[in-house]
Amino acid sequence: MGLASIAGPSRRQLDDDARLRSSPEHYPWEEDAPTSRTGYEFPSETSATKGLQSGQQMHGRNYPQRRPSNRDEFDGPHQLLPIPPADVIAEQEQNLPHLPTNLLVNEQDDILSQVNDCLSSCAFNFVAKYQFPIPLEPDKRPVGTAADREWNEWVYLLKRLATKRRIPARVLYNGQIKQLVTVLENSLEMRHAAKHQSRPLKDDRNVLQLISAGLQVAKILKDAASMVFLDNLYVRTEARIQSRKNNPGFIGQPTSTSTV
């Protein structure tokens with residue numbers, strides 16, 4: 001055996017082996033490893049980012065773009081309108097005019113209770129007809145009749161069904177899905193007026209307005225029977241108010257300057 005065959009690797013071979021070992025391509029499994037070149041190519045930036053995120057979560061700070069909880073858009077750039085002239089303010093601050101109130105307290109209570117009960121039945125029948133789901137709540141009984149939920153609870157249910165797109169537009173009058181929430185909110189005063197009998201007496205226009213708001217609910221839910229009932233109630237109430245106006249000898253409740 002010659003001397004060359006037993007000699008160690010040449011200088012060139014050693015240099016080539018060193019380059020192969022130091023070359024990333026020599027280790028193909030690194031591409032799939034959790035700590036691949038992409039993962040640790042910029043260790044200083046990665047650790048700094050993680051440290052910032054950790055500090056934000058632990059200490060609740062380092063949020064320059066977040067407004068403090070006690071500030072809102074009115075604390076930022078804004079404008080103030082000129083104060084009205086003194087004579088305009090004086091006219092506004094005069095005693096409020098008396099609005100006609102010809103219905104007695106018990107008459108108002110009866111009318112508003114009828115509207116409240118009619119709307120609850122209208123909502124109950126609508127949900128039952130189209131089999132909309134009613135979430136079960138541990139502190140409430142399952143719904144068996146319309147009276148098992150207050151009108152404001154029916155409103156909340158219908159609004160949630162609408163905003164979650166559970167109610168198709170085709171089941172509403174003229175497909176007015178966007179108007180449904182507004183119509184429901186306009187009727188919310190009905191439940192308050194019917195259940196809180198310690199409220200101030202309502203003027204005639206306000207009572208008719210509440211009946212009309214209920215009528216709009218029945219219309220958008222396409223409940224013909226409820227519409228007929230509420231329309232007749234509106235006509236009877238308006239006729240009673242008019243008869244009281246035409247009877248100078250009628251002594252009703254004192255008029256009120258505020259409505260609820």
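Among contacts in the protein chain between residues at least 6 apart in sequence, those joining residues at least 24 apart make up 71%. The model is a predicted one. Its protein chain holds 11 helices and 0 strands, and the order of elements from the N terminus on is α-α-α-α-α-α-α-α-α-α-α. Of the 260 residues in the protein chain, 25% are buried.

A starting point is the pairing of helix 6 with helix 11. Helix 6 covers residues 105–129 and helix 11 covers residues 224–245; their axes come within 10 Å and cross at roughly 170°. An angle over 145 degrees counts as roughly antiparallel, and helix 6 and helix 11 are therefore roughly antiparallel to each other. On the helix 6 side, the contact is made by Glu107, Ile111, Gln114, Val115, Cys118, Leu119 and Cys122. Helix 11 contributes Ser226, Phe229, Leu230, Leu233, Arg236, Thr237, Arg240 and Arg244. By class, the residues of this contact divide into 8 nonpolar, 3 polar and 4 charged.

Next comes the nonpolar interior. In soluble globular proteins, nonpolar side chains tend to be buried together. Here the largest nonpolar core has 37 residues. Those with the most contacts inside this core are Phe126, Trp151, Leu158, Ile167, Leu180 and Leu221. Two or more residues of the core come from each of helix 6, helix 7, helix 8, helix 10 and helix 11. Helix 6 gives the most, with 9 residues.

Leu158 can serve as an example from this core. Leaving aside neighbours within four places in sequence, Leu158 is in contact with Ala123, Phe126, Val127, Ile167, Leu184 and Leu221. Two of these partners, Phe126 and Ile167, are themselves listed among the core residues with the most contacts.

Helix 8 shows how burial is arranged around a single helix. Its residues run 177–186, and the buried ones are Leu180, Val183 and Leu184. They cover an arc of only 95° around the axis, which puts them on the same side of helix 8. The general background is that an α-helix has 3.6 residues a turn, so residues three or four places apart point the same way. The cover over the buried residues of helix 8 includes helix 7 (151–163) and helix 10 (204–220). Leu180, one of these buried residues, also belongs to the core residues with the most contacts.

Past the end of helix 8, Ser187 is found in the loop that leads to helix 9 (189–195). Is this loop residue buried or exposed? With a relative accessibility of 1%, Ser187 counts as buried, since the limit for burial is under 20%. Not counting residues up to four places away in sequence, Ser187 touches Leu119, Trp151, Val155, Ala213 and Val217. Of these, Leu119 also takes part in the contact of helix 6 with helix 11, and Trp151 is among the core residues with the most contacts.

A second serine, Ser212, lies in helix 10. At 28% relative accessibility, Ser212 counts as partly exposed. Ser212 and Val115 are 97 residues apart in sequence, and their C-alpha atoms are 9.7 Å apart in space. Val115 is one of the helix 6 residues that make the contact with helix 11.

Two loop residues deserve a look at their backbone angles. Gln131, in the loop between helix 6 and helix 7, has a positive phi of about 55° although it is not a glycine. Gln131 is exposed, with a relative accessible area of 67%. Arg165, in the loop between helix 7 and helix 8, has a phi near 60°, again a positive value in a residue other than glycine. The relative accessible area of Arg165 is 77%, and Arg165 is exposed.

Terms used. Residues are numbered from 1 along each chain as its sequence is written. This is a predicted model: local features need pLDDT of at least 70, side-chain atom pairs count only at pLDDT 80 or more; totals for chains, interfaces and linings use all residues. Side-chain values use heavy atoms; hydrogens and water are left out. Buried means under 20% relative accessible area, exposed over 50%, partly exposed in between (1.4 Å probe, protein chains only). Helices (H or I, at least four residues) and strands (E, at least two) are DSSP runs, numbered from the N terminus. The arc is that of the directions from the helix axis to the C-beta atoms. Contact means heavy atoms within 4.5 Å. Axes are lines fitted to C-alpha atoms, for helices over the stretch in contact, and angles run from 0 to 180 degrees between N-to-C directions. Angles under 35 degrees count as roughly parallel, over 145 as roughly antiparallel, 65 to 115 as roughly perpendicular and the rest as oblique. Ala, Val, Leu, Ile, Met, Phe, Trp, Tyr, Cys and Pro count as nonpolar, Asp, Glu, Lys and Arg as charged, and the others, Gly among them, as polar. A nonpolar core is a set of buried Ala, Val, Leu, Ile, Met, Phe, Trp, Tyr and Cys residues joined through side-chain atoms within 4.5 Å.
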